[in-house]
Amino acid sequence: MPADTEPGDITPAAAPRPVQPPPQALQVILFTAFQACLLFALLLVLRRFHLDTAIWPANALAAGIYLLLVDVAALWCMAGVLVATLAAHLLLGDSGPYAMACALASALSFRLIVLGCRWADLRPGGRFDVRHVVGLVAVAFIAGLPGAGIGASAVVSEFGGHFWSTVLGWWLPDMASIVLLLPLFLLWPRVEDAPEPLDHALRAGHDRRFVALEYIVATAGLAGTALLVAMTGEPLLLEIGACILLWFAFRLGPFPTALAASLFAAAVLGLAVADAAHAPAAGLRPDLLKVQGRLVIAVCPALIIAAIMTQRERQQRALEEDQRRLAYALEGANDGIWDLHLPSDTIFFSARAYRMLGYNPDSDAGILVRFRELIHPDDLPEVETAFRDHAIGRRRLYQMELRGRHRSGAYVWLLSRGKVVEHDPAGRPLRAVGTITDISQKKHLEAALEHAASHDPLTGLANRATFDRALEQAGRRLARDLAPFAVLLIDVDHFKGVNDMHGHVAGDLMLTTTARRLQSALRAGDLAARFGGDEFAVVAIGKSAEEFASLADRLHTHLSKPVETEGLVLPTSFSIGMAVASVPDTDPTSLVAEADAALYLAKNAGRGTWRALGMRGATPSGIPPQWS
């Protein structure tokens with residue numbers, strides 16, 4: 001237990017440490033030892049049939065193992081190949097110069113293969129597309145040429161023969177082994193992201209059992225083809241194997257294709273070597289060279305098709321991922337998509353847009369096609385004008401807030417944005433694409449904030465600032481249309497006594513009741529406001545002294561009713577002062593002062609009444625003259 005851990009403490013389990021590769025020196029030693037054993041075994045078997053230069057997979061295997069497993073500078077492994085090849089030849093009794101020439105040829109080929117793979121961006125776990133297949137073929141053709149020249153020189157010097165035919169016989173197996181074996185290492189799935197064996201076909205939506213059956217049938221077909229080639233000696237049968245490899249490429253993915261190609265080539269060549277006991281070695285060697293050439297021709301199309309399918313699948317996954325990201329972004333942003341074809345005036349809406357308006361995208365598919373019918377009649381002309389301005393180039397983007405009719409019948413606020421994305425050769429707009437967003441909550445919040453900024457929080461009436469604006473508007477209307485208006489100031493009599501005797505709750509109830517009664521007694525176009533404390537104000541539009549007098553009397557009567565709450569009856573009394581503006585040059589500030597003066601006249605008259613200043617005239621029947 002660590003020193004800083006108390007008994008009984010529960011400590012989390014330590015995270016597993018990543019597997020560390022062996023030290024570099026040990027990797028080089030293991031690589032060299034493996035290569036020496038491999039070369040010794042190959043030479044021992046192939047020399048028995050005089051085929052040691054007719055089949056030569058050692059260089060491709062060394063490069064593949066290095067790229068896949070070894071984390072050491074390539075020069076050290078090149079030296080390992082040199083030592084391993086030299087040791088294997090010397091152990092088999094070859095002369096020193098010949099063994100050294102073979103070692104140099106193998107080491108140089110190994111080095112050129114590794115450099116070529118880096119040049120072509122060929123690496124295990126990397127991307128695999130057509131350009132990588134072309135790069136692999138280029139590496140296969142070029143990497144073995146210098147080594148073939150060195151090896152052919154050694155063979156001719158040691159055993160005699162024609163130099164160029166020996167170069168071809170040395171180079172062709174080296175080239176073939178790169179094409180046939182190296183893709184297996186390059187496409188080997190890494191441990192951290194290794195797919196399941198059926199992954200490629202399953203992603204295409206095929207049934208697991210059917211895909212497994214495909215694997216079995218295709219593998220059996222390749223094995224049978226390899227056996228037929230070995231039994232009949234007919235290389236044309238390799239075309240059947242090429243067709244099966246194409247099936248692997250189309251249906252089962254790049255790694256199964258590379259694995260099948262490598263095993264198929266190994267089976268064909270292995271069976272041919274096993275059958276060498278019954279055939280003259282001199283006649284078998286050219287046949288094996290032709291078979292390897294045909295194998296390369298059979299495998300390359302399959303690798304290209306596998307690369308194309310992989311690239312297509314990668315693009316499909318990227319497209320699906322982009323679509324998911326877009327869907328998540330639109331969902332998070334509460335956005336739907338619309339797509340309008342202008343010549344036919346047909347419009348498409350996404351499922352999110354349907355749900356935004358309460359519709360089902362499956363059962364109500366035709367509803368949003370008639371989207372214009374769902375736009376509020378007051379908003380439609382402005383929407384059409386805004387879109388037309390964008391379509392003809394007056395606006396860079398189309399953006400409009402509008403009301404759309406929900407399935408429930410209510411209207412929701414929508415923000416519609418878009419842009420023309422296609423034009424015909426004459427420059428006329430063809431297609432516009434955009435988004436639609438439900439902004440009802442935003443509009444309700446804006447309305448609530450606007451209401452809070454312009455209304456009294458207790459009574460819900462307009463506040464002093466809103467009253468001042470209404471007063472200015474009434475003054476401008478008077479100057480423009482000669483429309484008289486009046487200002488009424490209303491004061492709750494003895495309001496302090498109500499608060500002191502019954503509490504602030506009763507006082508608030510009296511204020512809210514007064515506000516409600518005041519609002520219900522006014523006409524359309526009149527404005528009631530809380531002026532401050534227990535004082536209210538009204539801006540009223542009218543035409544005559546009789547009309548304003550009738551309004552003042554009606555307000556006084558309506559407000560003076562008792563207020564009842566929880567068995568308690570609060571008597572109410574109001575004093576009202578009114579001033580009327582009838583000439584265009586009336587100052588709104590002075591009009592409020594006149595109304596305040598009239599209010600004091602009402603209070604001095606004993607409260608519970610109203611007085612007015614300004615317009616003179618007869619009062620309605622039953623109303624005592626109260627104009628001063």
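**Note on strand E8, helix H18 and the enclosed cavities**

1. Arg-530 stands opposite Phe-536, a residue of strand E8. The model under discussion is a predicted one, and this pair offers a starting point for the strands around E8. Strand E7, residues 527-532, runs antiparallel to E8, and five bridges join the two.

2. The connection between these strands merits attention. E7 and E8 form a hairpin with two residues between them. Gly-533 lies in the turn and has a positive phi of about 60°.

3. E8 also pairs with strand E6, which covers residues 485-492. Seven bridges join E6 to E8, and these strands run antiparallel. Within this pairing, Leu-489 has Ala-537 of E8 as its bridge partner.

4. Is strand E8 enclosed by the rest of the structure, or exposed? E8 comprises residues 535-541, and six of its seven residues are buried, so the strand is largely enclosed by the rest of the structure.

5. Helix H18 spans residues 504-521. At 1.5 Å a residue, its 18 residues should span 26 Å, and the end C-alpha atoms are indeed 26 Å apart, so the expected and modelled spans agree. The buried residues of H18 are Ala-506, Gly-507, Met-510, Leu-511, Thr-513, Thr-514, Ala-515, Arg-517, Leu-518 and Ala-521.

6. Turning to internal space, the structure holds two cavities of 30 Å³ or more. The largest has a volume of about 120 Å³, and the second largest has a volume of about 40 Å³.

7. Which helices supply at least two residues each to the lining of the largest cavity? They are H3 (74-91), H4 (96-119) and H6 (163-186). H4 gives the most, with three residues. The lining consists of Leu-43, Asp-52, Thr-53, Trp-56, Thr-85, His-89, Tyr-98, Cys-102, Ser-106, Gly-169 and Trp-170. By type, these residues divide into five nonpolar, five polar and one charged.

8. The second largest cavity is lined by Asp-121, Leu-122, Arg-123, Gly-126, Arg-127, Phe-128, His-132, Leu-186 and Leu-187. Its lining divides into four nonpolar, two polar and three charged residues. Among the residues lining this cavity are Asp-121, Arg-123 and Arg-127.

9. In summary, E8 is bridged to E6 by seven bridges and to E7 by five. The reader may wish to view this strand group first, and then the lining of the largest cavity, to which H4 contributes three residues.

Methods
Residues are numbered from 1 along each chain as its sequence is written. This is a predicted model: local features need pLDDT of at least 70, side-chain atom pairs count only at pLDDT 80 or more; totals for chains, interfaces and linings use all residues. Side-chain values use heavy atoms; hydrogens and water are left out. Helices (H or I, at least four residues) and strands (E, at least two) are DSSP runs, numbered from the N terminus. The expected span of a helix is 1.5 Å times one less than its number of residues. Buried means under 20% relative accessible area, exposed over 50%, partly exposed in between (1.4 Å probe, protein chains only). On a 1 Å grid over the protein atoms alone, a cavity is a set of points where a 1.4 Å probe fits but cannot get out, and a pocket is an open set with protein on both sides within 12 Å along at least five of seven lines; lining residues have an atom within 4 Å of a point. Grid points are joined across faces, edges and corners, and a volume is the space filled by probe spheres set on the points. Ala, Val, Leu, Ile, Met, Phe, Trp, Tyr, Cys and Pro count as nonpolar, Asp, Glu, Lys and Arg as charged, and the others, Gly among them, as polar. Two strands pair if DSSP finds at least two bridges between them.
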